[in-house]
Amino acid sequence: MFTPPRIEEERGLSSAAGLARIGMASPFAQDHHCLSRQRGMVRGLHAQVAPRAQGKLVRCTRGAIWDVAVDVRTGSPTFGQWVGVTLNAGNGNQLWIPPGFLHGFCTLTDHTEVHWQCTTPSDPTCARSLRWNDATLGIEWPVTDGQAIVSEHDAAAPPFSAVIDWFHYA
């Protein structure tokens, strides 16, 4: 996670992310904007596999989210481990999610907007989803199974144990 420097002035503020500082040298190929109307919306866990593996730079532009990344790089010393951070419009934090990581988030407020940029275009043939509340991963979500609002697609996603062979990254 990093927080780009903010320049505040009488008209408001602006920020510029020093992306090279976090190892991000390639330009972004795709931009996403998402509005979730209710608190407790869970989106994810999603990834793109080779040859269209994606890195993502995520920020919350309105409201707040619990943002999660899970390492699914086969052979990585942190394979299967996750990190979660709170991103909100006020703190300016952003989360860089390298290729080889699943991504998901849960809205902490109503009317939350999230913006993320991807290093490669989305490709449905390379898209993978994993069950957001898989017990093997042990992600500490801010909602319970009964509270979470999840799409049919995400609710039907397979468990981690069934898809480990999907994730092979260099």
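The legends below describe close-up views of a predicted model.

**View 1. The largest pocket and the residues around its centre.** The largest pocket holds about 320 Å³ of space. Its lining is made up of 19 residues. H46, A47, Q54, K56 and S122 are the lining residues that lie nearest the pocket centre. Sorted by class, the lining comprises 10 polar, 6 nonpolar and 3 charged residues.

**View 2. Strands that contribute to the lining of the largest pocket.** Two or more lining residues come from each of strand 3 (30-36), strand 4 (41-48), strand 9 (101-107), strand 10 (112-118) and strand 11 (127-129). Strand 4 gives the most, with 5 residues.

**View 3. An open sheet of 4 strands.** The strands follow the order 3-10-5-8, and their pairing is antiparallel. Strand 3 and strand 8 (94-97) are at the edges; each has a single partner strand, so one side of each has no neighbour in the sheet. From one strand to the next, the twist averages 20°.

**View 4. The pairing of strand 3 with strand 10.** The two strands run antiparallel and are joined by 7 bridges. Within this pairing, C34 stands opposite V114 of strand 10. Strand 3 and strand 10 also each give two or more residues to the lining of the largest pocket.

**View 5. The aromatic pair of F79 and F160.** The structure holds 4 aromatic pairs, and one of them is formed by F79 and F160. The ring centres are 5.6 Å apart and the planes make an angle of 35°, an arrangement classed as tilted. The pair links distant parts of the chain, with the two positions 81 residues apart in numbering. F79 belongs to the loop between strand 6 (64-71) and strand 7 (82-88), whereas F160 is in helix 2 (residues 160-163). F160 has a relative accessible area of 5% and is therefore buried, the cut-off for buried being under 20%. F79, at 27% relative accessibility, counts as partly exposed.

**View 6. The aromatic pair of W132 and W141.** The centres of the two rings lie 5.7 Å apart. Their planes stand at 75°, so the pair is edge-to-face; planes over 60 degrees apart fall in that class. W132 and W141 are both buried.

Methods. Residues are numbered from 1 along each chain as its sequence is written. This is a predicted model: local features need pLDDT of at least 70, side-chain atom pairs count only at pLDDT 80 or more; totals for chains, interfaces and linings use all residues. Side-chain values use heavy atoms; hydrogens and water are left out. On a 1 Å grid over the protein atoms alone, a cavity is a set of points where a 1.4 Å probe fits but cannot get out, and a pocket is an open set with protein on both sides within 12 Å along at least five of seven lines; lining residues have an atom within 4 Å of a point. Grid points are joined across faces, edges and corners, and a volume is the space filled by probe spheres set on the points. Ala, Val, Leu, Ile, Met, Phe, Trp, Tyr, Cys and Pro count as nonpolar, Asp, Glu, Lys and Arg as charged, and the others, Gly among them, as polar. Two strands pair if DSSP finds at least two bridges between them. Axes are lines fitted to C-alpha atoms, for helices over the stretch in contact, and angles run from 0 to 180 degrees between N-to-C directions. Rings of Phe, Tyr and Trp (its six-membered ring) pair if their centres lie within 6.5 Å; planes under 30 degrees apart count as stacked, over 60 as edge-to-face and the rest as tilted. Buried means under 20% relative accessible area, exposed over 50%, partly exposed in between (1.4 Å probe, protein chains only).
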